[in-house]
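User: Please take a close look at the sheet in this structure and set out how its strands are arranged. I would also welcome an account of the surroundings, including the cysteines and the pocket.

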Amino acid sequence: MRSALGMNEIQSIITERVDDIPLLLAQMDRMGLVGLLDDHFPTHGNWQGLSVGRVATIWLSSILSRGDHRLVHVEPWVAQRQCLLSRLTGEMVRAHAFSDDRLEIVLRLFSDDTRWTAFESALNPHLVRVYDLATERVHVDSTSASAYASVSDGGLFQFGHSKDHRPDLPQVKVMQAVLDPLGLPLATDVVSGERADDPLYIPCIARVQTSLGRSGLLYVGDCKMASRETRAWIASQGAYYLCPLPQVQLAEGEWEEAFAALERGEVTLSPVFRASDDNKPERIAEGYERQVPMVCEVKGESQRWTERRLVIRSLRHAKASEATLRARVAQAKAQVEALNQRGRGRKRFEEIDELRPAVNAIVQQHQVADFLWLRYDQQDTSRPVRVYRDRAAGSKIDRQATVEVRVDEEALDFAVSRLGWRMYSTNQPSEQLALEQAVLAYRSEYLVERSLGRLKGRPLSLTPMYVQRDDHATGLIRLLSIALRVLTLLEFVGRRQLAGEKAKLAGLYAGNPTRETARPTAERLLEAFQDVTLTVIELPQQTMRYVTPLSPIQLRILEIVGFSAEVYRRLETLSVEPPEEWPNRKFYLCRSIYSSL
């Protein structure tokens, strides 16, 4: 058998991990990343070897496959996969092309604001066209990313309100706009960590409008987007907004007026339904709307528009808040009543002035002062004292202060009726955005939160950052925003295909191979390709390659994301048929491109 294969003349055997790398590189090729990056980030004349676009895409495949953005690990990772990467890219890939110095050059290129804006303006329309995406609604939100870096005056790394719960570390702030319904990042802004969120919305939205080249989009944000200046600017651009209004943005007495109109029967609550997991309509909210004329100055000009105020009550939130409130009241009542009990180890209150602070502390702790009725009493009880030695018989006065506590049910019911309400504002006409659609649109805000969570968690693992320079941090975050696009589009295509087939995918969950899902995540799809390996056997006359055969679940994943098995089979070119008695005959045998490189 050894002679049949020429194994007596084997010069070397190399094994490389393949995993999800072919799929990732194929996805990035379909997105056109290499060409777009090369067009918008030209290099110095001394740059040699792989282009910036090729270096960036291979680096991205390393980040997505390993879940680690640190520069120091990329060069050894490439060194262990040189044969694989060369075959996939059709170019000679060498590990030294991914040294720290080379990768830092890429980050500095990506930190150029002008070139990056031009790149996103070219990439976004391209992806919308290639993937046939609807561009009607955009979600905008921000987060912070901590780093092991030094703080400098005017620098990017600054101390501020940390959403990572790491106030001891300096941070940067990231503002991101994503496309509904898939959560595709459209714009990613990086600013210093001490900046407030409010003034960051307008520049980010302006970049989205520039990159997509259209107006009339609906921008959905949280209450920090609700400043009057931001809303006026969006309206002046011919666009629409949807956001909840904090108390500071409401006129005095506006909530009382809204509730009074409801109590007088002047308005009717409209139900809001959402399809449940079993596709049955589930009532999730109710509300009504009113119109308010608005006026604000934008760039020296008076901007007037009509705003719709949506008064919405979330049923689940109201129910949960009611249960919490009633539990607080009951707990406070029980603790106050326990002060009247006498027994070993219990404090005895003789004076009302001594008891009142203890009661007030309990009431304030549970924040239920408006719902408890308290009445204090002091009782004096005489008890006989018998003769003892030189002490004569007599009586002694025992004094105890007590408190009677009752629940003010009327006040509690009134408070319960005010729970779960929130007021939203939008300038989009009801013909385009009905009340029910507005509620469901805002509840899709998790899309941008999930995108930011992916950015900071696995597999991108932005936080904590291990870069020290401002331009490196900016370039790294922008690089990872491209990785977010790769994950989002891969996931979107897979889910869209399964929805079109009305099918589900099984075999993605370890320990439960029969569990099915119609909405697989990109992370689980990529994880399914673990343990695919490439074995390279070099003979005097040729080089043979053996690739682990793809399993049925792996073939199915390639099918739903729009690729064929050729993504992996292109690593092979059948050269010699293995003998029947060869134990690893099930592996593919192919010729390497290394002989031609």
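**The sheet and its surroundings**

Analyst: In this predicted model, strand β2, spanning residues 137–146, runs parallel to strand β5, residues 218–220, and three bridges join the two. One residue pair can be named here: Arg 137 has Leu 218 of β5 as its bridge partner. Helix α9 (residues 201–212) packs on the sheet, where it touches β2, β5, β3 (171–179) and β4. The direction of α9 makes about 145° with that of β4.

The pairing of β2 with β5 belongs to an open sheet of nine strands, in the order β4-β3-β2-β5-β6-β12-β9-β8-β7, and the pairing across the sheet is mixed. At the edges stand β4 (184–192) and β7 (270–275); each has a single partner strand, so one side of each is left without a neighbour in the sheet. Direction ignored, neighbouring strands are turned by 30° against each other on average.

The edge strand β7 also takes part in the largest pocket, being one of the elements that give two or more residues to its lining, together with α16 (446–456) and α17 (470–501). This pocket has a volume of about 940 Å³. Its lining comprises 27 residues, of which Ala 275, Asp 277, Tyr 446, Arg 495 and Arg 519 are the closest to the centre. The largest contribution to the lining comes from α17, with seven residues.

Helix α17 has a further role in the packing, as it is among the elements that cover the buried residues of α3; others include α2 (21–30), α4 (52–66), α7 (100–110) and α8 (113–130). Within α3 itself (residues 33–40), the buried residues are Leu 33, Val 34, Leu 36, Leu 37 and His 40. In general, an α-helix has 3.6 residues a turn, so residues three or four places apart point the same way.

The cysteines remain to be considered. The count of disulfides is zero, with a pair of sulfur atoms required to lie within 2.5 Å. For Cys 223, the closest cysteine sulfur is that of Cys 243, at 8.6 Å, which is too far for a bond. Cys 223 has 33% relative accessibility and therefore counts as partly exposed. Cys 243 likewise is in no disulfide, its nearest cysteine sulfur being that of Cys 223. With 0% relative accessibility, Cys 243 counts as buried.

Key. Residues are numbered from 1 along each chain as its sequence is written. This is a predicted model: local features need pLDDT of at least 70, side-chain atom pairs count only at pLDDT 80 or more; totals for chains, interfaces and linings use all residues. Side-chain values use heavy atoms; hydrogens and water are left out. Two strands pair if DSSP finds at least two bridges between them. Helices (H or I, at least four residues) and strands (E, at least two) are DSSP runs, numbered from the N terminus. Axes are lines fitted to C-alpha atoms, for helices over the stretch in contact, and angles run from 0 to 180 degrees between N-to-C directions. Contact means heavy atoms within 4.5 Å. Buried means under 20% relative accessible area, exposed over 50%, partly exposed in between (1.4 Å probe, protein chains only). On a 1 Å grid over the protein atoms alone, a cavity is a set of points where a 1.4 Å probe fits but cannot get out, and a pocket is an open set with protein on both sides within 12 Å along at least five of seven lines; lining residues have an atom within 4 Å of a point. Grid points are joined across faces, edges and corners, and a volume is the space filled by probe spheres set on the points.
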